[in-house]
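This report concerns the cysteines of one chain and the bonds between them. Please consult the sequence and the structure below while reading.

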Amino acid sequence: MKLLRWITIVLALLIFDQSFTSVSADLIEGTCNKTSNFKFCVSFLRSKPGSATADVQGLAQIVADQIQINLKDTFSEASKLYKEATERVIKECFQICSEEYGVAIHYMDGVLANLKSKNYRNAREGLTGVYVDADTCEESFHEEPVRPSPLTKNNNDVKDLALIGSQIIHILG
């Protein structure tokens, strides 16, 4: 009899765990379905610890935290490349990127504070600034004379995250 009770409890826990995982996956997919890049959004969120149990606010926080990491990493990389560059034009591009990413980090501090205080409009506006800063960095390499940007992946990642972050925050209000 005790064995039957134990088996029943284990089966109930497995069913509960499966339904919880299914609901979490549905929340990620449902949230990402409201963004302009469903595949990137789902792939990114599923790769992050805590996303399976997060609510929409938590998903927005996960994206915002990653943006902050990417901004700081790209700022450091652009600053390092600026110091190493010998060609005037490329040095100017890295200077622009360093400045833009410095501003973006400042915007992101505001985004994180606004997200925490549920001031979603200002959080979205800050992410727009972050997007523009990453785009400005990338575009600096496309002005004459055109040079390949070693920061393209960084810039695109920041822009993709800022866009889906803004769209997820829009869901919140």
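## The pair Cys97 and Cys137

In this predicted model, Cys97 is buried, its relative accessible area being 0%. Cys137 is likewise buried, with a relative accessible area of 0%. A disulfide connects Cys97 with Cys137, at a sulfur-to-sulfur distance of 2.0 Å. Because Cys97 belongs to helix 4 (residues 88-116) and Cys137 to helix 5 (residues 120-140), the pair ties together parts that lie 40 residues apart in sequence.

The handedness of this bond follows from its geometry. About the S-S bond of Cys97 and Cys137 the torsion is about 90°, and the disulfide is therefore right-handed.

## The pair Cys32 and Cys41

Another disulfide is formed by Cys32 and Cys41, whose sulfur atoms are 2.1 Å apart. Cys32 and Cys41 are both buried. The torsion about their S-S bond is about -65°, so the disulfide of Cys32 and Cys41 is left-handed.

## A cysteine without a bond

Why does Cys93 form no bond with the closest cysteine sulfur? That sulfur belongs to Cys97 and lies 6.8 Å from the sulfur of Cys93, which is too far for a bond, because a disulfide requires the two sulfur atoms to be within 2.5 Å. Cys93 is itself buried, with a relative accessible area of 4%.

## Overall pairing

The count of disulfides comes to two. When the bonded cysteines of the chain are numbered in sequence order, the pairing reads 1-2, 3-4.

Methods
Residues are numbered from 1 along each chain as its sequence is written. This is a predicted model: local features need pLDDT of at least 70, side-chain atom pairs count only at pLDDT 80 or more; totals for chains, interfaces and linings use all residues. Side-chain values use heavy atoms; hydrogens and water are left out. Buried means under 20% relative accessible area, exposed over 50%, partly exposed in between (1.4 Å probe, protein chains only). Helices (H or I, at least four residues) and strands (E, at least two) are DSSP runs, numbered from the N terminus.
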